[in-house]
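Student: I would like a close look at one part of this protein. Please pick one helix and follow what surrounds it.

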Amino acid sequence: MARANRQGIRAGAVVVAAAAAVAGTVWGVTALVEPGPGRQENAARQTDTGGTGAGSDDGAKGGGAKDGGGKNGGAQGAGGADAGAPQSQIPDGIAHASESGGNAVNITIDDGPDPQWTPKVLEVLKKYDVKATFCMIGPQAKARPDLVKRVVAGGHRLCDHTMNHDTAMDKKPVDYQEKQILDAKKMIEDAAGGGAEVEYYRAPGGAFTPDSRRIAAAHGMRPLGWNVDTKDFGKPGVAAIVNAVKSEIGNGPTVLFHDGGGNRTQTVAALDQVLAWLKDQGRPTGFPVRTAPDAS
């Protein structure tokens, strides 16, 4: 009888242990999939790993002072996308590092496409054989599919910069954020045609949230920050734009320029000088990381 009791106790212990293991596994999956309320919120107000938060958008666009640290992007989260979502291998942490590693520099171009300035930016990039990431506004991409196709044909990458550049979208409902992101993504990809993909998401004014980053990553877009804000949007002068790059490039590899939002004469001239300087420095250019952790 005592032996039978001992066997029964052992069997019961095995069942309990197995149940605990299953529960632990389920909790682990839930913790990976569901970020939870404790995740740091965004972005524009905080400095991501390696980010400087030095930048600002033009005040007329609602960036600038409001962002208090630029649109470089916030705390790098460890969360994952919803289970079963497309491209779930994309991290939702805000990227700054370059795929090319080393001392490579990422050139990023925001707020287009623009019929006057995007072609001029493309000409400068072609002159130096540099590939860039273009962060496009959805309706502008829809209105200029020829330019989107030209960007893709030039070997550049596409980035979702939302529908209408709402720098306060981090204070809006999640449904609103999702629509801003996914509607723009569809417009950009439809304009590009040929199966081209939007590979990054940059929040206007750095207004990332855990939800917007999760939504972007779940749909194959890596949240994209920056390290150097040239402040070209405010037209500070060609020399000031170039000097911003030279003085801040030590902060990290991702540089922010604009091809939309107004007269970009200074941007085009400064971009030419910056690319010439990078060439003289022996610094290659590349694209921001997508699937790897951001180490910058």
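Tutor: Let us take helix H8, residues 265–280. Keep in mind that the model is predicted. H8 has 16 residues. From its first C-alpha to its last it reaches 23 Å, close to the 22 Å expected at 1.5 Å a residue.

Now look at what is hidden. Buried residues of H8 include Thr-267, Val-268, Ala-270 and Leu-271. Further along, Val-274, Leu-275, Trp-277 and Leu-278 are buried too. Why might such positions recur along a helix? An α-helix has 3.6 residues a turn, so residues three or four places apart point the same way.

What covers these buried residues? Among the covering elements are two helices, H2 (117–127) and H7 (238–248). The strands S1, S7 (254–258) and S8 belong to the cover as well. Just after H8, Gly-282 takes a positive phi of about 75 degrees.

Next, the core. In soluble globular proteins, nonpolar side chains tend to be buried together. The largest nonpolar core here has 46 residues. Ile-107, Leu-125, Phe-134, Leu-158, Phe-257 and Leu-275 touch the most other members. The largest share of this core, 7 residues, comes from H8.

Follow Ile-107 to see how the pieces meet. Leave aside its neighbours within four places in sequence. Ile-107 is then in contact with Leu-271, Leu-275 and Leu-278, among others. Recall that these three are buried residues of H8. The contacts of Ile-107 also include Leu-125, Val-130, Ala-132 and Thr-133. Val-255, Phe-257, Thr-285 and Gly-286 are on its list too. There is also a second, separate core of 5 residues, which includes Cys-135, Cys-159, Tyr-200 and Leu-224.

Stay with strand S1, residues 105–112. Asn-106 lies in this strand. Is Asn-106 buried or exposed? Asn-106 counts as buried because its relative accessibility is 0%. Beyond residues up to four places away in sequence, Asn-106 touches His-96, Ala-97 and Ser-98, among others. Its contacts also include Pro-253, Thr-254 and Val-255. Gly-286, Phe-287 and Pro-288 are touched as well.

Asp-111 is found in S1 too. Its phi is near 80 degrees, a positive value in a residue other than glycine. Asp-111 counts as buried, at 1% relative accessibility. Then comes a cis peptide bond, which joins Gly-112 and Pro-113. Its omega is about 0 degrees. Pro-113 sits in the loop between S1 and H2.

Thr-162 offers another positive phi in a residue other than glycine, near 75 degrees. Thr-162 is in the loop between strand S3 (157–160) and helix H5 (174–192). With a relative accessible area of 0%, Thr-162 is buried.

Now go past strand S8 (285–286), to the segment after it. There you find Arg-290. Arg-290 carries a charged side chain, so check where it goes: at 13% relative accessibility, Arg-290 counts as buried. Its side chain reaches the backbone oxygen of Gly-220 at 2.6 Å. Setting aside neighbours within four places in sequence, Arg-290 is in contact with Ile-90, Pro-91, Glu-99 and Arg-157, among others. Glu-199, Tyr-200, Gly-220 and Arg-222 are on the list as well.

Take Glu-199 from that list. Glu-199 is found in strand S4, residues 198–201. Glu-199 counts as buried, at 17% relative accessibility. Which residues does Glu-199 contact, leaving aside its neighbours within four places in sequence? They are Arg-157, Leu-158, Gly-220, Met-221, Arg-222 and Arg-290. Glu-199 and Arg-157 are 42 residues apart along the chain. Yet their C-alpha atoms are separated by 7.0 Å.

Finish with the rings. A search of the whole structure finds 1 aromatic pair. The rings of Tyr-201 and Phe-208 have centres 5.7 Å apart and planes at 85 degrees, so the pair is edge-to-face. Tyr-201 counts as buried, at 0% relative accessibility. Phe-208 is buried too, with a relative accessible area of 0%. One more ring deserves a look, that of Phe-233. The charged end of Arg-264 sits over it, 5.1 Å from its centre.

Definitions and conventions:
Residues numbered from 1 in each chain as written. Predicted model: local features only at pLDDT ≥ 70, side-chain atom pairs only at ≥ 80, totals over all residues. Heavy atoms only, no water. Helix = DSSP H or I, 4+ residues; strand = E, 2+ residues; numbered from the N terminus. Buried < 20%, exposed > 50% of the residue type's maximum accessible area, 1.4 Å probe, protein only. Polar contact = N/O pair within 3.5 Å; in protein donor to acceptor, adjacent residues only side chain to side chain. Contact = heavy atoms within 4.5 Å. Expected span 1.5 Å × (residues − 1). Core = buried A, V, L, I, M, F, W, Y, C linked by side-chain atoms within 4.5 Å. Phe/Tyr/Trp six-rings, centres within 6.5 Å; stacked < 30°, edge-to-face > 60°. Lys NZ or Arg CZ within 6 Å of the ring centre and 35° of its normal.
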